[in-house]
Amino acid sequence: MSRFLKAALLTAACGFAASGAAFAQACPEGRAANGECVKDGMSSFMTQSAVIYSQPKISYTHYPILPALDWIFRYPNQVNPNPQPPAAPGTLIPSVPVSP
Amino acid sequence: MLPGGRAARAICAACLGALATMSTASAADVPVAPPKEVWTVTFATEVRYYSWKSDRGTPTTQNNQPGAGSQVYIPYAMQIVGKPLDDIKLTVLVRSGWVHSHQTTAGLTGTVDTILDTVGSGTLTYYGFQGVQPFVGLSVNAPTGRSALFGSAANARMDPDLVEIGSFGEGWNIGPTAGLNFPITSALMITTSVGYTWRDAFDRERSSSEVDPTKQTPTSINPGDVITGTAAIGYQNGPWALSATGTISEETTTVENGADLYRAGRRYVGTGTVSYTWPEKWGQTTVTGSYAHSNRNQVKFLAVPVLLTELFNTNSDVYRIAVQHLFPLGDSFAWGPTGSYLHRNHNTYDSTTFQFVPAKDRWAAGGQIRYAAGPNVTFNARAEHVWVEEGARPALPDGTQFSVLANGFVTALTAPQVSSTGWMLSGGANVKF
């Protein structure tokens, strides 16, 4: 394969994914079922999302992510609910009868 | 998703570097090894300021004084990413923070200054198989914050729809996660995972079911453990990027002072994101939608020694939609508007029962800007104005409410419709080595 063709392939690969390398063994985020290199960053993001969503109550204060990602994962900006208190019974008023 | 300017610079730098390597190799007729993976260390911190005003303080049923408060939250984190072996990726992150929280509502004044809990996470991903990537992770919450707030400090816990930190600590939590990525093509991936969270006991200044912050009795709370199953799909091709995630969580019983208190109902969460990068320099639009539903809880009726499934659902469904757009500005800046709407419907109890939770709406509108000062340093800033409307909590004509759990009439905790507004200002930096 000519030097110029390899350069053209690499340029095209960079247009889709920064790690789409011309080297057969250079797939930083692994290979897909069809043999293609997984797009750079996709595996990392899907793995991180899975770990965060699988631990919705790991902490009251913040998730184990960089602060810039809070706007994606963290309540109140997302719907992983802040732990809500249970329904309270209240203070009975002895003089008020309850209808049977 | 990266803003257009930074993405363009990063891609161009990689292409130029690789092209130079290719040219040298071909000219010299010597095979060139693939680029060596390097370890990266990222430090990140932000300063976030929240300010709010309202018709009522927090909680809204305590008195009828106009509410106000502020909060300064400073998170800081360090992340290490690298490959100890060719086919194994390791990601480690530690994060903590400091908060100053201050409510100034008359009769509900309180202040807290404290370090928050510290969370850590480590994840290993194996890339040696084609078409499947197993991963395991371990997350930990260390109780470096404050869970019990005696005296007026308890009033510094404010509405989490108006400030970011609504509670300042709990006990040790340990959460292992295991999952599989299935990359179908270079652009399509399915992910499944399961996580379990062991939650240790911690102290509070009052019971979880006590609604009056002035009634304080030292309480030991052992929250329920949680098991969560997750399934997700991600697709990225050309200008489009899409993802959807669904989760199901089941929780064990929460115990207070050795007695069963409640068991949360099964919770379902669904979220989806669509992102489109426009041609030329028109930037990128991202839309995110989310929904959460919880089944009925098992609760403690006063006259019954065991937990029973409640007759009506205490939990509200939550709907949220958010939109943002980023315009590239030169090679180093990206900026644009943000907006979101959250609706929490009222629960299924009658509005004059003590267990009723009214509906709540939250709107936010603002903007953000990002600046790449260099290949390893980025700055970001964000500002939003928030509007919150909460429905009324009415009482019966005689000033009481009927409590289903007590099977009797109780002193009512009422509030009219409450309107609140607030500001959020945030600025931070990320430095990568």
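1. In this predicted model, the contacts of chain A make a suitable starting point. Of those between residues at least 6 apart in sequence, 5% join residues at least 24 apart. The chain contains three helices and zero strands, and its pattern along the sequence reads α-α-α. Of the 100 residues of chain A, 54% count as buried.

2. In chain B, strand β11 covers residues 226-237 and has two faces. The covered face consists of V226(B), T228(B), T230(B), A232(B), G234(B) and Q236(B). The uncovered face is made up of I227(B), G229(B), A231(B), I233(B), Y235(B) and N237(B).

3. Strand β11(B) pairs with β8 of chain B, residues 188-199; the two run antiparallel and are joined by 10 bridges. Within β11(B), V226(B), a residue of the covered face, stands opposite T197(B).

4. Another partner of β11(B) is strand β12 of chain B, residues 240-251, and this pairing is antiparallel over 12 bridges. Here Q236(B), also listed on the covered face of β11(B), has A241(B) in β12(B) as its bridge partner. The strands β11(B) and β12(B) form a hairpin with two residues between them. In the turn, G238(B) has a positive phi of about 60°.

5. The reader may also wish to locate T214(B), which lies in the loop between β9 (202-204) and β10 (219-222) of chain B. Because 13 other C-beta atoms lie within 10 Å, T214(B) counts as partly exposed; the exposed class would require 12 or fewer. The C-alpha atoms of T214(B) and D86(B) are separated by 58 Å, and the two residues are 128 apart along the chain.

6. The domain assignment of chain B gives domain 1 as 1-27 + 224-424 and domain 2 as 55-185. Taken over C-alpha atoms, the centres of domain 1 of chain B and domain 2 of chain B are separated by 14 Å. Their contact takes 12 residues from domain 1 of chain B and six residues from domain 2 of chain B.

7. On the side of domain 1 of chain B that touches domain 2 of chain B, β22 (377-390) and β25 (418-432) of chain B each supply at least two residues. The largest share of that side, four residues, comes from β25(B). By class, the side of domain 1 of chain B that touches domain 2 of chain B has five nonpolar, four polar and three charged residues.

Definitions and conventions:
Residues are numbered from 1 along each chain as its sequence is written. Chains are lettered from A and ligands numbered from 1 in the order in which they are written. This is a predicted model: local features need pLDDT of at least 70, side-chain atom pairs count only at pLDDT 80 or more; totals for chains, interfaces and linings use all residues. A residue is buried if 20 or more other C-beta atoms lie within 10 Å of its own, exposed if 12 or fewer, and partly exposed in between; C-beta atoms are placed from the backbone. Two residues are in contact if their C-beta atoms, placed from the backbone, lie within 7 Å. Two strands pair if DSSP finds at least two bridges between them. Domain bounds come from an automatic or database domain assignment. Ala, Val, Leu, Ile, Met, Phe, Trp, Tyr, Cys and Pro count as nonpolar, Asp, Glu, Lys and Arg as charged, and the others, Gly among them, as polar.
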